[in-house]
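Q: I am new to this structure and would enjoy a close look at one part of it. Could you pick a pair of packed helices and walk me through how they meet?

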There are 2 protein chains.
Amino acid sequence: MASIDVCYSPELLHLYDLKGKAVVAVDILRATSTMVTAFAHGAANIFPVMQLEECRAFAAQGCLTAAERNGIKAEGFDLGNSPFAYMDGQVTGRTIAITTTNGTRAIRMSEGAEEIVIGAFLNLEAVASHLAALQLDVLVVCAGWKGMFNLEDTLYAGALAERLQGQFSFENDATLAALCLYQSAKADLGNFLRQSSHVRRLENLEIHQDVEFCLQHNVYEALPVWRQDRLVDLNATAVEQ
Amino acid sequence: MASIDVCYSPELLHLYDLKGKAVVAVDILRATSTMVTAFAHGAANIFPVMQLEECRAFAAQGCLTAAERNGIKAEGFDLGNSPFAYMDGQVTGRTIAITTTNGTRAIRMSEGAEEIVIGAFLNLEAVASHLAALQLDVLVVCAGWKGMFNLEDTLYAGALAERLQGQFSFENDATLAALCLYQSAKADLGNFLRQSSHVRRLENLEIHQDVEFCLQHNVYEALPVWRQDRLVDLNATAVEQ
């Protein structure tokens, strides 16, 4: 039986062997939730990049550019990191280059894995089904906040572990803790998270509506995966064929 | 109001500013539990050292030497890492040099802090009272297992947060998670930990009795703190004066 493990921070990723594994990269507030939303609204490709300048350069190739630093949209880019900005039809058929404080780093640091999937509560079931079909050992890579543990990414890891219970083994401490936290919090995730100064700091940036949206389960079928140098939506491809 | 934060692994310690803080170094299974036990049984000083050779060299100065690697007593040392080995009177009045896989590293990496206290369930109340008197910002530094998150050190952090609730503030995600885990687990910590392959691996080393012992709350008054180059028992000193 394949296993699930959880890495709480990109700063701990060097302790894990990614070879042959399926990584689920997660940054619930908001990078991966926003990427899932973008694909669900028809984005063709997403380039997750580390640096602002690198991201800006994609504009010359006709891409939309999106950038966030410390929770705020960076100046001079088409889009920020709010999922609501991706819902008005402007991303349909477009390629987007995106850089965020934590999320894009978690994705790019996972490049040694066999498969990289973009996880969010919004596409929990799509990711879970894909992992169950792959039957590779899974590592959930939490983006965290500037290298530190955060609750929302951990709660997602717990939700995924609960969904895959019985099909995957998990006896490692990080997954057990994530599952226990999710089971304590799931009746009202928003309320649970509101204890956190980190989440309140994000909510102070007037993204209260974003937080509520990003905690919804199974809103979208989108299944963004890493292919060569970019993210594509595996479920969109399946529909088109 | 001073605050409590939790660092889940020495690998994340560079993200925290230790200056002016009280660090509680914790390695429940078993380094810090054993150190507390040693002081409670009359040890005079403990030198926590990183390397086996450095530890061995202390023998020439008349010290007892203790060493553990991967859960097993290292060859050629007087003592291992089981608290029961420190209860028969042989440590009374003695200085001990000790090196372990995870615990001594967490202690030595915390040297930039204003105060370093050795925490275990065994001396939970002694540590909590000391912290409440100091009123410095607290950082619980979990030794983890080879850099990875572990449950038992996190549960201790949660127990300490619960004890200090109201006297200290904590709104950071790591402390909130630790508290939630402790409150889910505290009715039967041993049973909760038995889900963990990490703890089962330790128990396979025939330390089942050690695990049970180390999860007991408030068995000892010992309060080991770092002074200059070694650990001393602050409560023992107080009694002697």
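A: Happily! In this predicted model, H4(A) and H5(A) lie oblique to each other, because the angle between them is about 55° and angles of 65 to 115 would be needed for roughly perpendicular. H4 covers residues 124-134 of chain A and H5 covers residues 151-164, with the two axes 10 Å apart. As H4(A) passes H5(A), the crossing is right-handed.

Now for the residues that touch. H4(A) brings A:Leu124, A:Glu125, A:Val127, A:Ala128, A:Ser129, A:Leu131 and A:Ala132 to the contact. From H5(A) come A:Tyr156, A:Ala159, A:Leu160, A:Arg163 and A:Leu164. Sorted by class, this contact has nine nonpolar residues, one polar and two charged.

Chain B has a pair to look at too. There, the axes of H4 (residues 124-134) and H5 (residues 151-164) come within 10 Å and cross at roughly 55°, which makes H4(B) oblique to H5(B). H4(B) passes H5(B) in a right-handed crossing. Among the residues making that contact are B:Leu124 and B:Val127 of H4(B) and B:Tyr156 and B:Leu160 of H5(B). By class, the contact of H4(B) with H5(B) has nine nonpolar, one polar and two charged residues.

Finally, a word on how the chains meet. Chain A and chain B each give 29 residues to their contact. About 2300 Å² is buried between them, with 66% of that area coming from carbon and sulfur atoms. Two salt bridges are counted between the chains. In a salt bridge between A:Glu171 and B:Arg200, the N to O distance is 3.0 Å.

Key:
Residues numbered from 1 in each chain as written. Chains lettered and ligands numbered in written order. Predicted model: local features only at pLDDT ≥ 70, side-chain atom pairs only at ≥ 80, totals over all residues. Heavy atoms only, no water. Axes fitted to C-alpha atoms, helices over the stretch in contact; angles between N-to-C directions. Helix = DSSP H or I, 4+ residues; strand = E, 2+ residues; numbered from the N terminus. Parallel < 35°, antiparallel > 145°, perpendicular 65-115°, else oblique. Left-handed = near helix turned anticlockwise from the far one by under 90°. Contact = heavy atoms within 4.5 Å. Nonpolar A, V, L, I, M, F, W, Y, C, P; charged D, E, K, R; others polar. Buried area = accessible area lost by both parts, 1.4 Å probe. Salt bridge = Lys/Arg side-chain N within 4 Å of Asp/Glu carboxyl O.
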